[in-house]
Amino acid sequence: MGNLRGLSVFIVLTLAVFTSARPKSGPNQKCKSGPVDLVFLIDSSRSVRPHEFETMRKFLIDILNTLDIGLDTTRVGVVQYSSQVRSEFSLKTHSKLENMVKAINEIVPLAQGTMTGLAIRYLMNEAFSPGQGDRPKVPNVAVIVTDGRPQDRVAEVAAEARERGIEIYAVGVARADMTSLRAMASPPFEDHVFLVERFDLIYQFGLQFQDKLCGIDLCLESDHGCEHLCESSPGSFTCQCLPGYRLNADGKTCSAIDLCAERKHDCQQICISSPGSFTCDCNQGYHLNDDKKTCSPIDLCAEGKHDCQQVCVYMGPGVFTCDCNEGYRLNVDEKTCAPIDLCAEGKHDCEQVCVYSGPGIFTCDCNEGYRLNVDEKACSPIDLCAEEKHDCQQVCVYSGPGVFTCDCNKGYRLNGDKKTCTPIDLCAEGKHDCDHVCVNMGPGIFTCDCKKGYRLNEDEKSCSAIDLCAEGKHDCEQICISTPGVFTCDCNKGFKLNRDKRTCTNMDMCNTVKHGCDYQCVNTPGSYHCICPEGQLLQDDGKTCGTCKSANIDLVLLIDGSKSVRPQNFELVKKFVNQVVDSLDVSAHGTRVGLVQYSSRVRTEFPLNMYHTAEDIKAAVMKVDYMEKGTMTGLALKHMLEYSFSEAEGARPASRNIPRIGLVFTDGRSQDDISEYAKKAKEAGITMYAVGVGKAVEDELREIASDPVEKHFYYTTDFSAINTIADNLKLNVCPAESQGEVEVKDPCACENLVEFQQATMNSLDQFTQKLASMAARLEQLENQLLSRK
């Protein structure tokens with residue numbers, strides 16, 4: 001009971017230190033707690049901000065300043081954890097306060113997840129182990145400080161730690177979960193569980209213990225000299241001993257009660273003493289009976305407690321030797337047995353082969369091709385061909401004693417059965433050098449021929465195609481297309497083949513094909529082209545007309561590749577990017593797309609000038625590897641501004657008024673500042689879109705997005721819903737429209753005069769094309785009228 005009372009007072013002391021209280025006995029006196037092994041388990045997950053970790057660092061140092069530190073008094077260890085566990089120093093590392101303070105000031109936070117269960121298991125198996133400085137019969141106390149919900153199971157491992165005698169205090173800050181704190185802490189919870197709102201309020205939780213901290217307790221506040229236990233009483237104390245010990249005459253030290261030495265036992269052979277108790281044992285070769293007092297001799301052979309492979313021989317109490325069955329001999333280990341192999345030992349009289357038939361037994365045999373003589377020892381060779389003991393279809397070859405092989409006559413080949421023969425068809429086996437056709441003429445003989453439309457050359461092997469077009473043996477009006485021995489006729493571009501399959505007629509392409517021209521189709525010899533009305537431009541598809549190229553933008557996408565995104569969600573992000581690409585008019589002169597991935601660093605996956613088709617971009621997106629690190633959104637914005645929209649990486653000059661658009665995709669809070677480069681990007685004329693998923697911070701997204709924010713900011717709680725965001729994004733804007741209004745130009749300015757002149761020339765060219773089209777149409781109508789006559 002004295003140990004438990006001392007431990008309780010120590011815990012009250014430790015927790016109350018957090019309020020910066022001092023002992024009542026003097027301002028510089030440290031509170032005496034007695035020998036205690038104390039380990040602090042501190043949460044250094046990424047949710048703990050740097051300034052919060054500094055508060056926790058000061059919190060630890062303040063506690064140490066109030067403890068009686070020493071290898072014989074209070075030992076302290078510090079362990080930090082996140083997704084992994086790291087011991088900063090163990091119970092045996094430091095014996096001086098200044099060394100502990102220095103080590104705490106050098107702690108570097110891990111800044112990862114919150115694996116509290118893993119940390120408690122380390123505490124139980126490693127931190128409180130003799131190798132790390134844990135002392136026997138000294139209380140084990142753990143103080144866990146955390147700011148979040150554990151990402152693994154803690155209830156079972158915490159219960160196991162408490163069963164091993166570790167008293168656990170759980171201190172939660174800010175986002176900590178009370179249920180998890182209660183699952184970790186020792187009962188009663190009102191004494192072991194504490195929750196404060198902020199790290200800077202961490203000291204408040206000890207106020208309730210302030211009156212109990214350093215009250216005058218002679219067992220705690222004086223050098224009482226008790227060897228085992230000190231029992232306090234008002235103004236005094238008495239010493240007591242642990243069970244199995246008795247208090248000596250000096251009233252302080254204790255002596256173990258040795259019942260064996262005092263002969264207060266009933267063991268038949270050996271008495272083993274422990275303080276206040278004893279157990280019986282037996283001499284070697286005997287075992288203790290069920291009465292735990294008397295002994296009986298051990299017959300290891302009868303009990304099967306031996307390691308002999310075959311025969312165990314009883315030699316006395318607890319002693320045996322090994323032996324072997326007939327035909328076996330004992331090995332050098334004097335335990336296992338090996339069969340006696342007379343063949344291997346050469347102890348036989350066989351001429352050729354000795355066959356092992358069992359331990360100490362053998363018979364004779366002969367090598368293949370020989371047979372055993374009647375004396376069952378000597379051997380004679382066998383000639384199977386001479387004895388006609390073979391099954392060859394054509395030829396038997398004698399190749400040694402008892403061995404033969406089969407062969408075939410010329411023009412035949414031995415079959416897979418190695419006995420029968422088949423005539424050789426060189427044509428069927430492809431073992432010929434004919435260019436086209438091989439003709440079998442008998443076993444092993446062939447001649448060559450050619451396919452229809454070819455003739456055999458003088459080498460009587462190769463063939464040449466008969467080209468009727470080249471030989472002028474055709475009647476085509478325009479184009480002769482040759483195939484071996486045959487030809488077909490065709491026409492030049494813009495003409496069609498007549499029914500006679502020989503002559504050609506000019507085509508009216510605009511009237512005979514689905515040209516798809518938005519405004520007007522103009523025939524050209526054998527082809528056509530589209531034109532637009534005055535004031536409109538022909539689009540990149542060569543068919544439609546419009547006032548501008550609606551997809552001419554430079555677009556850079558910044559996608560979050562942090563660890564929290566997870567691999568399966570990163571695949572959805574890539575599909576989101578490709579869905580955006582599908583809505584764009586991608587080409588070298590239309591929209592250009594660049595892709596940047598960021599986590600703890602930034603990587604350009606491909607710049608604006610690398611790919612010029614949507615298919616190439618989408619294929620490159622699907623090959624992007626997931627980075628899986630932190631979330632440095634500010635660093636990514638800086639990279640986009642300084643590199644991605646540079647002309648070196650494919651951005652077109654600002655003088656061309658082509659809109660520059662940046663789209664940032666993220667799933668969480670940035671680990672660095674975004675304000676500076678979010679502002680600079682918009683000041684540089686870049687239209688910024690912000691897309692957030694899951695734990696993305698709305699304030700950060702709004703700070704990134706351009707005005708009006710509601711048209712440039714998108715958010716969804718689930719990755720599976722980001723396809724709807726891609727559908728709602730409208731990135732295709734005309735250069736003039738992107739400015740919000742059309743610039744009114746001075747018609748007298750020099751550059752505007754040049755533009756006016758160019759526009760006039762374009763109008764004249766269009767008018768000339770219209771006249772040419774009308775003339776061609778009139779000529780076509782005239783030809784049709786003449787053909788009808």
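**Surface and overall make-up**

I began with the accessible surface of the chain, which comes to about 43,700 Å². Carbon and sulfur atoms account for 51% of that area. I note here that this is a predicted model, so my entries describe computed geometry and nothing else.

Next I looked up burial: 39% of the 789 residues in the chain are buried. For secondary structure I noted 17 helices and 44 strands. I also checked how far apart contacting residues sit along the sequence. Taking contacts between residues at least 6 apart, 53% join residues at least 24 apart.

**The sheet from E1 to E6**

I traced an open sheet of 6 strands, and its order reads E3-E2-E1-E4-E5-E6. The pairing in this sheet is mixed. Which strands sit at its edges? They are strand E3 (85-89) and strand E6 (193-196), each of which pairs on one side only. On average, neighbouring strands here are turned by 20° against each other, direction ignored.

Then I went through some individual pairs. Strand E1 (residues 36-43) runs parallel to strand E2 (residues 74-81), with 8 bridges between them. In that pair I found Ile42 opposite Gln80 of E2. E2 and E3, by contrast, pair in the antiparallel sense over 4 bridges. They form a hairpin with 3 residues between them, and Val78 has Phe89 in E3 as its bridge partner.

**Helices H4 and H5**

I listed the buried residues of helix H4 (residues 116-127): Thr116, Gly117, Ala119, Ile120, Leu123, Met124 and Ala127. Why do they end up on the same side of H4? Because they cover an arc of only 165° around the axis.

I did the same for helix H5 (residues 155-163), where the buried residues are Val157, Ala158 and Ala161. Down the axis of H5 these fall within an arc of 100°, so they line one face of the helix. I then asked what covers the buried residues of H5. The cover includes H4, strand E5 (166-173) and helix H6 (178-184), so I can tie this entry back to the sheet, since E5 is one of its strands. One backbone detail I jotted down: just after H5, Gly165 takes a positive phi of about 95°.

**Nonpolar cores**

I looked for nonpolar cores next. The largest has 32 residues, and Leu555, Phe576 and Phe665 have the most contacts inside it. Several elements each supply at least two residues of this core, including strand E39 (554-560), helix H11 (614-622), strand E42 (660-666) and helix H15 (722-728). Helix H10 (567-582) is on that list as well, and the largest share, 6 residues, comes from H10. Apart from this core lies another, of 30 residues, with Val48, Leu67, Phe89 and Met100 among them. I had already met Phe89 as the bridge partner of Val78.

A reminder to myself: in soluble globular proteins, nonpolar side chains tend to be buried together.

**The sheet from E39 to E44**

My last stop was another open sheet of 6 strands, in the order E41-E40-E39-E42-E43-E44, again with mixed pairing. Its edge strands are strand E41 (602-606) and strand E44 (713-716), each pairing on one side only. Neighbouring strands of this sheet are turned by 20° against each other on average, direction ignored.

At the E44 edge I checked the pairing with E43: the two run parallel and are joined by 4 bridges. In E44, Tyr715 is the bridge partner of Gly692.

Note on methods:
Residues are numbered from 1 along each chain as its sequence is written. This is a predicted model: local features need pLDDT of at least 70, side-chain atom pairs count only at pLDDT 80 or more; totals for chains, interfaces and linings use all residues. Side-chain values use heavy atoms; hydrogens and water are left out. Buried means under 20% relative accessible area, exposed over 50%, partly exposed in between (1.4 Å probe, protein chains only). Contact means heavy atoms within 4.5 Å. Accessible areas come from the Shrake-Rupley method with a 1.4 Å probe; for residues, only the protein chains shown count as cover. Two strands pair if DSSP finds at least two bridges between them. Axes are lines fitted to C-alpha atoms, for helices over the stretch in contact, and angles run from 0 to 180 degrees between N-to-C directions. The arc is that of the directions from the helix axis to the C-beta atoms. A nonpolar core is a set of buried Ala, Val, Leu, Ile, Met, Phe, Trp, Tyr and Cys residues joined through side-chain atoms within 4.5 Å.
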